[in-house]
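Subject: Structure handover

Hello,

Here is the structure I promised to pass on. Please open it next to this email and follow along.

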Amino acid sequence: MPIDQHLLAAFLLTSVIAMLVPGPDMLFILGCGMRGGPRAGLLATAGVATSEAVHVAVAAAGLTALFAAVPIAFTTVRLAGAAYLVVLGVQTIRHRNDQDDAPAAPPSNRRAYLNGLVTNLLNPKMVTFTIAFLPQFIDPGMGRVWLQFAFLGAILIALEFLVDGTVGVLAGRIGAWLRRRRTARRRLDVATGSLFIGLGLRLAAKP
């Protein structure tokens, strides 16, 4: 075991509680699943999980100190992520009437994955999480700090698939039923787009 067992137990408990509380990641995956179906919800989860692996690797390398030393870098990432979400939301609402006479085509597998990846890469909450949260469960006295980061990161990604992946798949099944109804499909696109825009504005407004 590359990590202290007491720290591991505390990490598991805290992470599960944090995962169950709806946050930007879960809401984004929920929107993707509702609009694109179970596969889109699951692939959006995979994109989010990939970005989490990147964040953990960056934290383990110590590169996140840049955000502490240069606050404008953190602000730039936050605003870029907010703008990306708003653009996704506007596009979703604008195309709500596309293919009115046929079932709406779900986003491609690649797009669902990339949207999840980019959205969470530009999410400063995840950057803050890796800086402030993960190191609390690292014991430098045990050595191989990079391995401890990797071990905790792997657990975090597994929990991401378990919790948010389930949300994405269930939302996809509900969304698939709604998309078969023209009026409901339009409302679904408006609701999903509004959700993305709301998340973007919320992210931009945070200090």
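Below is what was found in it, from the whole chain down to single residues.

**Confidence**

Please keep in mind that this is a predicted model. The mean pLDDT of the chain is 77. Of the residues, 76% score at least 70. Confidence varies by element: helix H3 (residues 38-61) has the highest mean pLDDT, 87. Helix H4 (residues 65-69) has the lowest, 63. Take care with residues 100-104, where pLDDT stays under 50. For that stretch the model has eight contacts beyond four places in sequence.

**The whole chain**

The chain has nine helices and zero strands. Its pattern along the sequence is therefore α-α-α-α-α-α-α-α-α, given that helices and strands are DSSP runs. There are 207 residues, and 40% of them are buried. Take the contacts between residues at least 6 apart in sequence: 85% of these join residues at least 24 apart. The accessible surface is about 10,600 Å². Carbon and sulfur atoms account for 68% of that surface.

**The largest core**

Which residues have the most contacts inside the largest nonpolar core? They are Phe 11, Leu 134, Phe 149 and Leu 152, in a core of 18 residues. Helix H1 (5-20), H3 and helix H8 (145-179) each give two or more residues to this core. H8 supplies the largest share, with six residues.

Start with Phe 11, in helix H1. Its relative accessible area is 0%, so Phe 11 counts as buried. Beyond its sequence neighbours, Phe 11 touches Phe 133, Leu 134, Phe 137, Leu 152, Ile 155 and Leu 156. One of these partners, Phe 137, is 126 residues away in sequence. In space, the C-alpha atoms of Phe 11 and Phe 137 are 6.6 Å apart.

Then look at Phe 149. Leaving out residues up to four places away in sequence, Phe 149 touches Val 56, Ala 59, Ala 60, Leu 134, Pro 135 and Ile 138.

A second, separate core has nine residues. Among them are Phe 28, Ile 29, Ala 44 and Val 48.

**Helix H2**

Helix H2 covers residues 24-36. Does its length come out as expected or not as expected? At 1.5 Å a residue, the 13 residues of H2 should span 18 Å. The end C-alpha atoms are 18 Å apart, so the two values agree. The buried residues of H2 are Asp 25, Met 26, Phe 28, Ile 29, Gly 31, Cys 32, Gly 33, Met 34 and Gly 36. Just after H2 comes Gly 37, with a positive phi of about 100°.

**Helix H9 and Phe 196**

Phe 196 sits in helix H9 (residues 182-205). At a relative accessible area of 5%, Phe 196 is buried. Its contacts, apart from neighbours within four places in sequence, are Phe 28, Gly 31, Cys 32, Leu 85, Val 86, Leu 88, Gly 89 and Thr 92. Val 86 is 110 residues from Phe 196 in sequence. Their C-alpha atoms are 6.1 Å apart in space.

**Helix H6 and Asn 115**

Helix H6 runs over residues 109-121. Its 13 residues should span 18 Å at 1.5 Å a residue, and the end C-alpha atoms are 18 Å apart, which agrees. Buried in H6 are Ala 112, Asn 115, Gly 116, Leu 117, Thr 119 and Asn 120.

Asn 115 is worth a look. Is Asn 115 buried or exposed? Its relative accessible area is 11%. The cut-off for buried is under 20%, so Asn 115 is buried. Outside its sequence neighbours within four places, Asn 115 is in contact with Phe 28, Tyr 84 and Leu 88.

**Helix H8 and Glu 160**

One more residue to find is Glu 160, in helix H8. Its relative accessibility is 1%, so Glu 160 counts as buried. Neighbours within four places aside, Glu 160 is in contact with Met 19, Ile 29, Thr 45, Val 48, Ala 49, Glu 52 and Gly 165. Two of these partners, Ile 29 and Val 48, are also listed in the second core.

Best wishes

Terms used:
Residues are numbered from 1 along each chain as its sequence is written. This is a predicted model: local features need pLDDT of at least 70, side-chain atom pairs count only at pLDDT 80 or more; totals for chains, interfaces and linings use all residues. Side-chain values use heavy atoms; hydrogens and water are left out. pLDDT is the predictor's confidence in each residue, from 0 to 100. Helices (H or I, at least four residues) and strands (E, at least two) are DSSP runs, numbered from the N terminus. Contact means heavy atoms within 4.5 Å. Buried means under 20% relative accessible area, exposed over 50%, partly exposed in between (1.4 Å probe, protein chains only). The expected span of a helix is 1.5 Å times one less than its number of residues. A nonpolar core is a set of buried Ala, Val, Leu, Ile, Met, Phe, Trp, Tyr and Cys residues joined through side-chain atoms within 4.5 Å. Accessible areas come from the Shrake-Rupley method with a 1.4 Å probe; for residues, only the protein chains shown count as cover.
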